[in-house]
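The exercises below are meant for someone meeting this structure for the first time. Please look over the sequence and the model, and try each task before reading its solution.

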Amino acid sequence: MNKPAFHIFVCASFRAGGESKGVCHKKGSVALLPYIESEILDRGMDAQITSTGCMKACDHGPVMVVQPQGLWYGRVDNEDVVDAIMDALEAGEIVQDYLIE
Ligand code: FES
């Protein structure tokens, strides 16, 4: 198995019952998944995207985590923020404005 250079986890607020009810979902994280996927393909990035359960950082939601870089981003609620993060990943940079520290 080839591990991707970037594994992007997007909180979809899944709960034990399978429902998706948390903050990130309510603020549109799931709606951004197709856009993120299309950006990965358009940019030809070696990246994989996975939607997750609550990452216990709800106050910062919607939350996106990039591994293995260990970057936790918050307030990822629109395509402009996604673009900024993807641009930074390609450049080996960090978007400080959205970083959860
Ligand atoms: S619902 Fe996304 S971090 Fe809790």
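## Exercise 1: a residue in a loop

Not counting residues up to four places away in sequence, Lys21 touches Ser13 and Arg15. The model used here, and in every exercise that follows, is a predicted one.

Task: Find where Lys21 is placed, and decide whether Lys21 counts as buried or exposed.

Solution: Begin with the position along the chain, which puts Lys21 in the loop between E1 and H1. Next, count the neighbours: Lys21 has 11 C-beta neighbours inside 10 Å. A residue is exposed if 12 or fewer other C-beta atoms lie within 10 Å of its own, so Lys21 counts as exposed with its 11 neighbours. As a last step, set sequence against space: Lys21 and Asn2 are 19 residues apart in sequence, while their C-alpha atoms are 33 Å apart in space.

## Exercise 2: the sheet

Task: Work out in which order the four strands of the open sheet lie, and which of them are the edge strands.

Solution: The order of the strands is E2-E1-E3-E4, and the pairing in this open sheet is mixed. Strand E2 (47–53) and strand E4 (71–73) each pair on one side only, and they are the edge strands. From one strand to the next, the twist averages 20°.

The pairs can then be taken one at a time. In general, strands of a sheet pair through backbone hydrogen bonds, either parallel or antiparallel.

- Seven bridges join strand E1 (residues 6–14) to E2 in the parallel sense, and Cys11 has Thr52 as its bridge partner in E2.
- The pairing of E1 with E3 is antiparallel, over four bridges, and His7 stands opposite Gln67 in E3.
- E3 and E4 run antiparallel and are joined by three bridges, with Trp72 in E4 as the bridge partner of Val65.

The hairpin of E3 and E4 has three residues between the strands, and in this hairpin Gly70 takes a positive phi near 70°. Strand E3 (residues 64–67) also has two faces, of which the one with Met64 and Val66 is covered, whereas the one with Val65 and Gln67 is uncovered.

## Exercise 3: helix H2 and its partners

Task: Describe how helix H2 lies on the sheet, and find which of its residues are buried.

Solution: Start with the helix itself, whose 15 residues reach 21 Å from the first C-alpha to the last, close to the 21 Å expected at 1.5 Å a residue. Helix H2 (residues 29–43) lies across E1 and E2, and runs at about 165° to E1. Within H2, the buried residues are Ser29, Leu32, Ile36 and Glu39, and the buried residues of H2 pack against E1, helix H1 (23–26), E2 and helix H3 (79–91). After H2 comes Gly44, whose phi is positive, near 65°.

Task: Give the angle and the distance between the axes of H2 and H3, and name the residues that make the contact.

Solution: The two helices H2 and H3 pack at an angle of about 35°, and their axes are 11 Å apart. Their crossing is right-handed. On the side of H2 the contact is made by Leu32, Tyr35, Ile36, Glu39 and Arg43, and on the side of H3 by Glu79, Val82, Met86 and Glu90. Sorted by kind, the residues in this contact of H2 with H3 are five nonpolar, no polar and four charged.

Terms used: Residues are numbered from 1 along each chain as its sequence is written. This is a predicted model: local features need pLDDT of at least 70, side-chain atom pairs count only at pLDDT 80 or more; totals for chains, interfaces and linings use all residues. Two strands pair if DSSP finds at least two bridges between them. Axes are lines fitted to C-alpha atoms, for helices over the stretch in contact, and angles run from 0 to 180 degrees between N-to-C directions. Two residues are in contact if their C-beta atoms, placed from the backbone, lie within 7 Å. A residue is buried if 20 or more other C-beta atoms lie within 10 Å of its own, exposed if 12 or fewer, and partly exposed in between; C-beta atoms are placed from the backbone. The expected span of a helix is 1.5 Å times one less than its number of residues. A crossing is left-handed if the near helix is turned anticlockwise from the far one by less than a right angle, and right-handed if clockwise. Ala, Val, Leu, Ile, Met, Phe, Trp, Tyr, Cys and Pro count as nonpolar, Asp, Glu, Lys and Arg as charged, and the others, Gly among them, as polar.
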